[in-house]
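Colleague: Could you walk me through this model and tell me how each label was earned? I would like to hear the reasoning as well as the result.

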Amino acid sequence: MTTRNLFLLPGDGIGVETMAEVKRIIAWMNEKLSTGFETDEGLVGGSAYDAHGEAISDSDMEKAMAADAVLFGAVGGPKWDDVPYEARPEAGLLRLRKDMQLFANLRPAICYPALASASSLKQELVEGLDILIVRELTGGVYFGEPKEIIDLDNGQQRGIDTQIYDTYEIERIAGVAFDLAKTRDNKVTSMEKRNVMKSGVLWNNVVTAVHKKDYSDVELDHMLADAGGMQLVRAPKQFDVIVTDNLFGDMLSDVAAMLTGSLGMLPSASLGAPDASTGKRKAMYEPVHGSAPDIAGQGKANPIAMIASFAMCLRYSFEMIAEADMVEKAIAEVLNDGVRTGDIVDAGMTPVSTSQMGDAILAKLEALSA
Ligand code: NAD
C-alpha cells in the first residue's frame with residue numbers, strides 16, 4: 001500500500017477546531033478506503049510561540065519540507081499581538097511559503113447551488129460557478145527592490161515599490177495554470193496591465209510563448225486586469241482558469257471569493273516547483289480564513305474551508321481525483337440538505353456546530369462510498 005505523508009499544522013483558534021474535522025475524515029479514509037495516510041502534527045503561529053518562542057520551530061520546518069503535503073489551519077489572535085515582530089504568528093506562515101518556495105497560489109471560487117442565493121450577485125450569474133485563480137505568490141511588487149520611503153529635499157517623501165518579473169517566474173506560473181486547465185475546462189485567461197506596465201508586456205509575451213511551445217491545445221485569452229475585475233462581477237462563469245501576478249491575483253482572488261459567500265467556505269493551495277528527481281511538488285493546503293478569535297473555542301467554526309482544502313490536497317498532491325470528488329460532493333449534498341454552520345445559515349434554520357458539520361459530511365461520505 002502506498003504511504004502518503006501528511007504534516008498537519010492546525011495553528012491557533014479555529015484552526016485547531018476545523019483541523020479536528022479533517023483528521024476524522026483522514027481516519028475514515030484510511031479505514032474505509034485504505035488510503036494509507038500517515039500523519040504527523042506540529043505547532044505553528046501563537047501555539048508555536050508559546051512552546052518554543054518562535055512562530056515555527058526548525059524541527060517542524062524540516063518535517064514540513066519532508067512531507068508529501070502540509071495541511072495548515074490558521075494562525076494568530078489577540079494573545080500574541082505584542083510578541084516580537086519576527087516571532088509574530090504570521091511569520092510561521094511566511095517561513096513555510098518561503099522555505100518551501102511555494103510560488104503558485106490556487107484559489108478556487110466554487111458556488112455551491114444551495115448557497116447561490118447568499119451571493120452578492122444575482123443567483124443566475126453565480127449558480128454553478130467553478131473558476132480557479134492561479135496567483136503568482138513569491139515575486140512582483142510585494143518583494144521587488146527598491147522598496148522604501150525616501151526623504152526628498154523639499155519636505156516631501158517618496159514611497160517606492162518595484163514590480164519585477166523575470167522570464168522564469170512567468171514561465172513556471174503559466175505552466176501551472178495550463179496544466180491545471182487541462183484537468184478542468186481547458187481554458188486559461190491571463191491578466192496583466194500591458195497597456196501601462198513593462199512587466200505586463202513581458203508577462204503577456206512569456207505566457208504567449210509558453211502557450212505556443214507546450215500548450216497550444218489549451219484555449220488562451222489575454223485580458224487587462226482591470227477589465228478582468230469588471231468581467232468577474234459581470235459574468236464570472238465565462239472563466240475557467242485565471243493566471244495573474246501577485247498584486248492583481250491578491251485583489252482578483254478576493255473579489256472572486258466573495259461571489260461565493262462566506263469566508264468559512266474558501267479553500268486554497270500553494271504549490272512549489274516539481275522536484276527534479278521525484279517530480280513531486282512541495283505543497284501546502286489551507287483555508288483562506290484566519291483564526292477567528294471572535295468564535296474560537298465555541299464550536300461555531302465552519303470546517304468546510306479546511307475540509308475543501310484537504311480535497312484540493314487529494315486532487316493536486318496525490319491525484320486521488322475520485323476521493324477529492326467524493327469529498328466535494330459530500331459537502332455539496334450536506335449543504336443541499338440544509339445543514340449549516342452559523343456563518344452560512346439562512347433565516348429559520350438552526351445552525352449546527354463544527355463537529356456536527358463534520359458528522360454530516362462523514363455520514364455523506366459513508367453513503368457515497370457504499
Ligand atoms: P478571520 O478570517 O479570522 O475572521 C473574519 C470573520 O470571519 C470573523 O467574524 C470570523 O468569525 C469569521 N470566520 C472566519 N472563518 C470562519 C469559519 N471557518 N467559520 C465561521 N466564521 C468564520 O480574520 P480576522 O478576524 O481579520 O483575523 C483574526 C486573526 O487571524 C488575526 O490574528 C489575523 O492576523 C489572523 N489571520 C490569519 C490568517 C491565516 O492564518 N492564514 C489569515 C487571515 C487572518
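**How the labels are earned**

Modeller: Gladly, and let's begin at the ligand: a polar side-chain atom of His289 lies 3.4 Å from a nitrogen atom of the ligand. Please keep in mind that this is a predicted model.

Colleague: What makes the pair formed by His289 and the ligand a polar contact?

Modeller: The cut-off for a pair of N or O atoms is 3.5 Å. The His289 pair, at 3.4 Å, is within 3.5 Å, so it counts as a polar contact. An oxygen atom of the ligand also lies 2.8 Å from an N or O atom in the Asp294 side chain, and a ligand oxygen is 3.1 Å from a polar backbone atom of Gly77. As for cover, the ligand taken alone exposes 800 Å², and the protein buries 67% of that.

Colleague: Which residues come nearest to the ligand, and how is the shell made up by class?

Modeller: Val75, Glu90, Gly290, Ala292 and Asp294 come nearest, out of 22 residues around the ligand. The shell has eleven nonpolar, seven polar and four charged residues. Strand S3 (69-74) and helix H4 (89-99) each supply at least two of the shell residues.

Colleague: Let's turn to an arginine. Why is Arg107 called buried?

Modeller: Its relative accessible area is 10%. Buried means under 20%, so Arg107 qualifies. Arg107 is part of strand S4 (residues 104-110), and its side chain reaches the backbone oxygen of Ser253 at 3.3 Å. Not counting residues up to four places away in sequence, Arg107 touches several others, including Ile131, Leu132, Asp254, Pro267 and Val288.

Colleague: How do you know that the buried residues of H8 line one face of the helix?

Modeller: The buried residues of helix H8 (residues 225-234) are Ala225, Gly228, Gly229, Gln231 and Leu232. Seen down the axis of H8, they fall within an arc of 165°, so they line one face. On the other side, Met230 and Arg234 are exposed. The partners against which the buried residues of H8 pack include strand S5 (130-136), strand S9 (219-224) and helix H9 (246-258).

Colleague: And Met326, why does that count as buried?

Modeller: Met326 has a relative accessible area of 17%. That is under the 20% cut-off, so the label is buried. Met326 sits in helix H11 (residues 321-336). Leaving aside neighbours within four places in sequence, Met326 is in contact with Trp28, Leu33, Leu365, Leu368 and Ser369.

Colleague: What makes the backbone of Asn186 and Glu319 worth a second look?

Modeller: Most residues other than glycine have a negative phi. Asn186 has a positive phi of about 65°, and Glu319 has a positive phi of about 50°. Asn186 is in the loop between helix H6 (167-182) and S8, while Glu319 is in the loop between helix H10 (304-316) and H11.

Colleague: Why is Asn186 called partly exposed, and why is Glu319 called exposed?

Modeller: Asn186 is at 27% relative accessibility, which falls between the 20% and 50% cut-offs, so partly exposed is the label. Glu319 has 68%, and exposed means over 50%, so Glu319 counts as exposed.

Colleague: One more: how do you know that the bond joining Glu145 and Pro146 is cis?

Modeller: Its omega is about 0°, and the peptide bond is cis. Most peptide bonds are trans. Pro146 lies in the loop between S5 and strand S6 (148-151).

Notes
Residues are numbered from 1 along each chain as its sequence is written. This is a predicted model: local features need pLDDT of at least 70, side-chain atom pairs count only at pLDDT 80 or more; totals for chains, interfaces and linings use all residues. Side-chain values use heavy atoms; hydrogens and water are left out. Helices (H or I, at least four residues) and strands (E, at least two) are DSSP runs, numbered from the N terminus. Buried means under 20% relative accessible area, exposed over 50%, partly exposed in between (1.4 Å probe, protein chains only). Contact means heavy atoms within 4.5 Å. The arc is that of the directions from the helix axis to the C-beta atoms. A residue is near a molecule or strand if one of its heavy atoms lies within 4 Å of it. A polar contact is a pair of N or O atoms within 3.5 Å; within protein, one must be able to donate a hydrogen and the other to accept it, and residues adjacent in sequence count only if both atoms are side-chain atoms. Accessible areas come from the Shrake-Rupley method with a 1.4 Å probe; for residues, only the protein chains shown count as cover. Ala, Val, Leu, Ile, Met, Phe, Trp, Tyr, Cys and Pro count as nonpolar, Asp, Glu, Lys and Arg as charged, and the others, Gly among them, as polar.
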